[in-house]
Amino acid sequence: MTPREPAAAQAATTPDNANKTDKTNTSETSENQVLRDPLRAVRPPDYRRHHFLAIAAFVVLVALIAPQAATSRSSQFLVNLWLVYSIAALGFYLVFGLAGRFAFCQTFMMAFGGYTSAWITRGEDGQPFWVGAAAAMLVTALVAGVVGALVRKAQHFYFAIATFAVTQVGMVVFQRADGFTGPHGQAVGIDPPQLFGYEFVKDGQVFWLFLGTLGLCLLLTACIERSPMRREALAARDNGLVAGLSGVAVQRVQLVLFMLGSALGGLAGSLIGHWQGVIGTESFHIDLAIGIFLMLLLGGITSMWGPLIGAAVFVGLPRVLSGIEEYSSIVYGLMLLAVVLLLPNGIAEAVRRFADRVVPDRLMRKGVPFARS
Amino acid sequence: MDKFIALTAGGIALGAVLALVALGFLVLYKATGVINFAHGDLITLGAYIGVWTVADLGLPTIPGYVLTIVLMGLIGVLIERVAHAPLRKRPAMVVVIATLAAAIVIRGFISVWQGATPRALDSPVGGGVLRVGGANIAYQRILILIVGAIAVIALLMVFQRTAFGRQVRALAADPETAQLMGVRTKYVAMAAFALSAMLAGLAGLLVAPLGAVELNFGFGLMITAFAAAVLGGFGSLGGVVAGAMVIGIVQQLVGGYVLPEYAATYPAIVLFIVIALRPQGLFDLARSRL
């Protein structure tokens with residue numbers, strides 16, 4: 001429908017003119033809303049989703065709830081792990097969810113980021129933490145750029161296998177290259193993160209750093225979600241040929257998203273390294289590679305909140321199953337199967353569908369986080 | 001020279017195993033269009049079931065191995081029923097994710113059943129070696145080569161001469177037309193899953209005596225075999241066998257002489273180069289289902 005002039009809209013809705021405008025009054029309610037707020041009809045649907053409000057609400061909620069709820073050391077650890085895995089999974093969302101690139105190298109990027117950051121901050125004359133983290137992002141983005149450019153034409157499984165090959169080579173190299181990583185690929189004695197003279201040592205302190213970083217990453221993702229890039233990436237993902245013919249730079253969009261997502265992976269790796277003080281290849285094993293994939297699929301591939309939900313499930317599930325921990329991977333597998341069978345687009349999409357059904361349509365428009373556009 | 005002979009023999013044996021693994025997921029891919037990410041874990045499972053039947057149950061080698069392969073076939077059918085049949089109308093990616101889920105379940109099952117300590121499977125032909133010009137070649141490697149060659153030839157015969165083979169080839173060429181011609185997709189899919197799992201089990205049984213059986217045992221083999229399949233052109237069975245031989249010999253020979261500590265990465269590097277140069281594989285994936 002075409003937006004009308006505001007003046008005409010006002011005239012149409014004033015009671016004085018009711019007798020003249022019988023036809024407009026009997027029109028649909030949605031049109032009435034448009035008449036009252038013409039801007040709403042013009043704004044692209046993504047702008048009605050209140051990303052920034054939702055992110056602010058999320059950060060405030062986590063900041064209020066998590067320190068109260070997580071009092072023991074182990075639960076603080078799990079909360080931090082959730083936040084940092086969320087960053088990595090958010091990066092993977094950009095790569096796989098938006099760009100549709102089946103990249104199997106997010107754990108490699110995490111490890112590489114961790115090692116880079118550890119190497120740069122090492123020793124007496126080492127650089128401060130933020131330089132290390134920035135370097136981790138830069139280096140992983142560059143590696144992703146090179147890899148992505150080399151296999152830019154590979155599709156689906158070929159891309160997955162090529163990036164898996166990168167991971168496999170990288171992990172062996174990390175174990176051998178003692179000068180860069182450490183003996184047997186173990187970088188030890190990494191300084192705790194330090195910002196503006198404040199040192200984050202305990203889990204309870206690191207929590208604030210991680211929450212802030214995740215908030216920034218969410219803002220970045222929201223900017224992408226609201227930019228034409230999302231639209232172009234989805235078009236390129238769903239039908240590259242048509243998208244290319246319509247003027248979308250398919251390979252460039254996919255490459256940029258791959259680099260951005262990998263940089264988030266590198267950032268997560270750097271945070272893990274500085275938080276734990278040690279970093280080794282075994283923490284980025286095939287299990288975590290499958291795990292990140294799981295987080296995105298369980299949480300939902302169609303929403304930026306999916307990876308956060310998925311990471312929470314991934315981190316929280318072993319705790320829920322504390323008595324029968326050895327069965328946890330069976331439970332993951334069965335859950336994944338159930339999700340694929342019953343909720344094809346993950347938990348976030350299911351929540352959104354449920355909300356659509358329960359919450360009245362008008363409320364949805366007012367910025368419930370999962371509101372459908 | 002001795003080293004060269006030993007490495008070549010090792011390479012050929014590795015190539016034979018890779019050919020079995022690659023043919024295993026290729027059969028499935030041709031019949032159903034599914035790339036099975038659980039194949040590596042099926043190899044691991046086959047090796048563990050072999051350890052269980054031979055070492056734990058104390059069966060003699062041949063019945064133990066036969067039992068293992070029969071069990072693997074049943075597991076293949078089970079995977080088809082649970083992770084493939086309900087998803088037949090869904091996009092290919094969903095089915096791939098379901099196979100990944102199956103892989104995770106198999107992994108979890110093995111770790112619950114056998115624990116984390118690696119197991120060993122004794123070679124059915126003993127630990128002896130054949131001396132060729134000063135090089136020692138383990139009997140197990142010779143067994144691998146013989147069994148692998150028999151299995152590959154049998155498989156090629158099945159594909160060329162039997163009704164099942166014809167149906168699989170028809171499905172690979174054109175699924176819709178094949179169904180219209182009366183190919184019963186359901187049974188072909190079940191048979192293909194069973195055959196694929198049996199080949200995985202056989203590969204697991206053959207490789208297990210060369211090293212320790214542990215949880216990630218099959219995953220690396222699967223990836224290397226994928227490299228072989230891509231190298232050989234994803235379509236033709238003969239090409240895949242050739243690709244497997246090339247990858248096996250490259251890994252052993254190049255790895256034996258140049259930077260041996262990086263030998264594990266060579267298949268991955270070959271794979272990456274092939275994909276970078278021929279992004280659709282050596283043959284077009286869409287057209288190569290025959």
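How are α2(B) and α8(B) oriented to each other? Since angles outside the parallel, antiparallel and perpendicular ranges count as oblique, the two helices are oblique to each other. This tour of a predicted model begins with that pair.

**Stop 1: α2 and α8 of chain B**

Select residues 39-56 and residues 185-207 of chain B, which are helix α2 and helix α8. Their axes lie 7 Å apart, and the helices pack at an angle of about 60°. The crossing of α2(B) and α8(B) is right-handed. To display the contact from the side of α2(B), select His39(B), Leu42(B), Ile43(B), Thr44(B), Gly46(B), Ala47(B), Ile49(B) and Gly50(B). From α8(B), add Ala197(B), Ala200(B), Gly201(B), Ala203(B), Gly204(B) and Leu205(B). Coloured by class, this contact of α2(B) with α8(B) shows 8 nonpolar and 6 polar residues, with no charged residues.

**Stop 2: α1 and α8 of chain B**

Keep α8(B) selected and add α1(B); the axes of these two helices come within 9 Å and cross at roughly 170°. That angle makes α1(B) roughly antiparallel to α8(B). Residues of α1(B) in this contact include Val17(B), Leu20(B), Val21(B), Phe25(B) and Leu28(B). Those of α8(B) include Val188(B), Ala192(B), Phe193(B), Leu199(B) and Leu206(B). By class, the contact of α1(B) with α8(B) has 19 nonpolar and 3 polar residues, and no charged residues.

**Stop 3: Leu199 of chain B**

Centre the view on Leu199(B), a residue of helix α8. Is Leu199(B) buried or exposed? Leu199(B) counts as buried because 31 C-beta neighbours lie inside 10 Å. Apart from neighbours within four places in sequence, Leu199(B) is in contact with Leu20(B), Leu23(B) and Gly24(B). Next, mark the distance to Phe25(B): the two C-alpha atoms are separated by 8.8 Å, although the residues are 174 residues apart along the chain.

**Stop 4: α6 of chain B**

Move to residues 163-173 of chain B, helix α6, and highlight the buried residues Gln167(B), Val168(B), Leu171(B) and Ala172(B). These residues lie on the same side of α6(B), because they cover an arc of only 135° around the axis. Show their surroundings next: the buried residues of α6(B) pack against α1 (2-32), α5 (139-161), α7 (175-180) and α8 of chain B.

**Stop 5: chain A as a whole**

Now display chain A, which has 18 helices and 2 strands. Of its 373 residues, 45% are buried. Among contacts in chain A with a separation of 6 or more, 73% join residues 24 or more positions apart.

**Stop 6: Leu294 of chain A**

Within chain A, select Leu294(A) in helix α14. With 27 other C-beta atoms within 10 Å, Leu294(A) is buried. Not counting residues up to four places away in sequence, Leu294(A) touches Gly310(A), Phe314(A), Tyr332(A) and Leu336(A). For a longer view, include His51(A): Leu294(A) and His51(A) are 24 Å apart, C-alpha to C-alpha, and 243 residues apart in sequence.

**Stop 7: where chain A meets chain B**

Finally, show both chains and their contact, which takes 30 residues from chain A and 32 residues from chain B. On the side of chain A that touches chain B, the elements giving two or more residues are α9 (156-176), α14 (286-299) and α16 (328-342). Which of them gives the most? It is α9(A), with 11 residues. By class, this side of chain A has 24 nonpolar, 3 polar and 3 charged residues.

Terms used: Residues are numbered from 1 along each chain as its sequence is written. Chains are lettered from A and ligands numbered from 1 in the order in which they are written. This is a predicted model: local features need pLDDT of at least 70, side-chain atom pairs count only at pLDDT 80 or more; totals for chains, interfaces and linings use all residues. Two residues are in contact if their C-beta atoms, placed from the backbone, lie within 7 Å. Helices (H or I, at least four residues) and strands (E, at least two) are DSSP runs, numbered from the N terminus. Ala, Val, Leu, Ile, Met, Phe, Trp, Tyr, Cys and Pro count as nonpolar, Asp, Glu, Lys and Arg as charged, and the others, Gly among them, as polar. Axes are lines fitted to C-alpha atoms, for helices over the stretch in contact, and angles run from 0 to 180 degrees between N-to-C directions. Angles under 35 degrees count as roughly parallel, over 145 as roughly antiparallel, 65 to 115 as roughly perpendicular and the rest as oblique. A crossing is left-handed if the near helix is turned anticlockwise from the far one by less than a right angle, and right-handed if clockwise. A residue is buried if 20 or more other C-beta atoms lie within 10 Å of its own, exposed if 12 or fewer, and partly exposed in between; C-beta atoms are placed from the backbone. The arc is that of the directions from the helix axis to the C-beta atoms.
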